[in-house]
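Biologist: Could you take me through the way you read a structure, beginning with a single residue and moving outwards to the sheets and the core?
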Amino acid sequence: MTGRNQILSALEAALACGDTSVIVRSAGAIAEVHDLLTLRQGAEWVTLGEEGGTHVHLKIQEGCRLRYTQPDEGNAALELLGPDGDVLCRVSFRGTNQARAENYNPERAAKVRERFGCLAECAGR
């Protein structure tokens, strides 16, 4: 999935699932923001969350794509990959980590996988 509108639609759907964390990493920092629900498209940047409140700005460039992951010991996530394949941000679906039985929600995990699982193979594209 490489089209900007498709990426925006999938990110918006991911945020609408609720109980999410948006994770942004750099070489020296990791930011994790919980329960952002809105997406607003600007001329150059996309805003996840509300301006004036907690939010994340993303720059979706030509060549960006999405990838769905479900690690053995982690929550399912929808990742925005940059043109070079680096992860720009991750929307993590809390409650989908099977290794944490006390928090695991199999129905939620199945719904997330059904909605985004088709993006699992895009990493090599």
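Modeller: Let us begin with A120, keeping in mind that this is a predicted model. With a relative accessibility of 30%, A120 counts as partly exposed, because buried means under 20% and exposed means over 50%.

Biologist: Where does A120 lie, and which residues does A120 touch, not counting residues up to four places away in sequence?

Modeller: A120 belongs to the segment after α2, the helix of residues 106-116. Leaving aside residues up to four places away in sequence, A120 touches R67 and Y68. The C-alpha atoms of A120 and R67 are separated by 5.4 Å, although the two residues are 53 residues apart along the chain.

Biologist: How should I read an open sheet, and which strands stand at the edges here?

Modeller: In general, strands of a sheet pair through backbone hydrogen bonds, in either a parallel or an antiparallel manner. Here five strands form an open sheet in the order β2-β1-β8-β7-β6, with antiparallel pairing. The edges are taken by β2 (30-34) and β6, each of which has a single partner strand, so one side of each is left without a neighbour in the sheet. On average, neighbouring strands of this sheet are turned by 20 degrees against each other, direction ignored. As one pairing in detail, β1 (residues 20-25) joins β2 in the antiparallel sense over five bridges, and V22 stands opposite V33 in β2.

Biologist: How many residues lie between the strands of the β3-β4 and β4-β5 hairpins?

Modeller: The hairpin of β3 and β4 has four residues between its strands; β3 (residues 39-41) runs antiparallel to β4 and is joined to it by three bridges, with V46 in β4 as the bridge partner of Q41. The hairpin of β4 and β5 has five residues between its strands, and G52 in the turn has a positive phi of about 85 degrees. Four bridges join the antiparallel strands β4 and β5, and T47 stands opposite H57 in β5.

Biologist: Which residues have the most contacts inside the largest nonpolar core?

Modeller: The general idea is that nonpolar side chains tend to be buried together in soluble globular proteins. In this model the largest nonpolar core has 27 residues, and those with the most contacts inside it are L11, L48 and L78. Among the elements that give two or more residues to this core are α1 (4-16), β4 (46-49), β7 (76-81) and α2, and α1 gives the most, with six residues. L48 touches, among others, L15, V22, L36 and V56, not counting residues up to four places away in sequence.

Definitions and conventions
Residues are numbered from 1 along each chain as its sequence is written. This is a predicted model: local features need pLDDT of at least 70, side-chain atom pairs count only at pLDDT 80 or more; totals for chains, interfaces and linings use all residues. Side-chain values use heavy atoms; hydrogens and water are left out. Buried means under 20% relative accessible area, exposed over 50%, partly exposed in between (1.4 Å probe, protein chains only). Contact means heavy atoms within 4.5 Å. A nonpolar core is a set of buried Ala, Val, Leu, Ile, Met, Phe, Trp, Tyr and Cys residues joined through side-chain atoms within 4.5 Å. Two strands pair if DSSP finds at least two bridges between them. Axes are lines fitted to C-alpha atoms, for helices over the stretch in contact, and angles run from 0 to 180 degrees between N-to-C directions.
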